[in-house]
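Me: I would like to go through this model by question and answer, starting from a single residue and working outwards.

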Amino acid sequence: MAVFAAAMAAHAFGGSTPATEPLWTELPVSGHIQKAQALPDFVDLAAKLSPAVVNISTEESEQSSGEVSGREEHHGEFPSPYEEFGRQRQKSLGSGFIITKDGYILTNDHVIENPGKITVTTQDGHDYQAKLVGRDAKSDIALVKIDAKRELATAPLGNSDEVRVGEWVMAIGNPFGFDHSVTVGVVSAKGRFIPGNFDQFIQTDASINPGNSGGPLIDARGQVVAVNSAIYTTRGSNMGIGFAIPVNLVKEELAQLRDRGTVVRGWLGVSIQSVTPELAESLGLKEVQGALVAEVRKNGPAEEAGVKRGDVIVAFNNQAITDSRELPLLVARIPLGRQVALKIIREKHEMEMPVTITESHEEELAAADGPHRPHPGGSSGFGLHVKDLSSELARELGLDIQSGVLVASVQLGSRGDEAGLRARDVILEVNHATVKDVDSYEQALKAGSPGQNLLLLIKRGDTTAYVVLKPEG
């Protein structure tokens, strides 16, 4: 009976003996097993690097008696990480670190924004009046100089490209006015994008609070790998998510900041937008990647190279573009006048063309604005009520176009609403077919395949962008 019961049990679990391989993975019993990484000696690191870290305060040149001296600046959920602590004329209080023995200091651009007077305080308590040498709002980096009449302690710059996720880092700064505070953590992620910023940030859980801005993020070897810049917070203080500017990007700017006082970047001359799965399907792309060209600027490098609206840039200077936000960074780093290869996809065909990079026009490097909330209104097809764009309407709306279809209103919850269309948008194309009036617009809609997405090119203010209109029903 016992044998029979055992046989029945085996049958109940598949009629075979249990598998010899476990459903998990283990390290091999034999062979060399690497030991876990030991904690760095933060005591020695703090003692070595703290003398190179400074406190930076700025004072406005003029301030009315009724004006609040402090301010809090927010970029969505990303507040600018410095705060006022009740000083009558103090505008900002942040951190910085000395990079040369003769007194050049790195900090954030927002720390010294519109200063009338910059005061640098070293760890030994000496105050120095600093001169603003150069600044770049795009990367949030500034270079200031003090004359200390002596050699100063410096913080060596490392290689941020070699930083690995999970490695230990240390931050030194001036959080909430508590000078030379040391916090530690790990690198949480690399290549983070924050809306409205130029950098691919290093993310860390080392505690960063208001006042840490401009201070160094230091690796276990005692090298600065990033400049602390921003925090993600819903309460104004640290929540374990801080962002720092990679030092390799800073190195690329230092010579220009010292010699010119500003940074001149390369320019491609296009407005771009991200490739969504819907756009990829509409454009016949095999992969959801690249930067979709929404507009080509007149007399720009892209126009001269032959780039057209609707092209998808998939590689620049032999580097693949997986995220559209990578393109401005790559373009900006190319020396002016250099010719590089641009790879695009146009109507499902891959093409490569040379393009010569010229001086940047910063406002034209920004990607096309994303869609915003539409106004409610009556509905026609797709929940859109449209009308011909007359020259009078174009003039009233401040548009530089003479034909197209004006969106008068968008019904909430409609396909037009889902696509992000809103009143005052002007539809220029449907599935790459130019629409000059409502008649040609309706013809273009009918020409589309039943059940397929429609690709619309719209004009919104000074920006053009593609949107995908899903079929009704």
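Me: Which residue in β12 stands opposite A171?
Reply: This is a predicted model, in which local features need pLDDT of at least 70, side-chain atom pairs count only at pLDDT 80 or more, and totals for chains, interfaces and linings use all residues. Residues are numbered from 1 along each chain as its sequence is written, and side-chain values use heavy atoms, with hydrogens and water left out. Strands β9 (residues 168-173) and β12 (residues 216-219) pair in the antiparallel sense over three bridges, where pairing requires that DSSP finds at least two bridges between two strands. Within that pair, the residue of β12 opposite A171 is L217.

Me: In what order do the six strands close into a barrel?
Reply: Strands here are DSSP runs of E with at least two residues, and helices runs of H or I with at least four, numbered from the N terminus. The pairing in the barrel is antiparallel, and the order is β9-β10-β11-β14-β13-β12.

Me: Why do F42, L45, A46 and L49 lie on the same side of α2?
Reply: These four residues of α2 are buried (under 20% relative accessible area, with exposed meaning over 50% and partly exposed in between, for a 1.4 Å probe and protein chains only). On the other side of α2, V43, D44, A47 and K48 are exposed. The buried residues are on the same side because the directions from the helix axis to their C-beta atoms cover an arc of only 95°.

Me: Which residue caps the N-terminal end of α2?
Reply: A side-chain oxygen lies 3.2 Å from the backbone nitrogen of V43. The residue that contributes this oxygen, and so caps the helix, is D41.

Methods. Polar contact = N/O pair within 3.5 Å; in protein donor to acceptor, adjacent residues only side chain to side chain.
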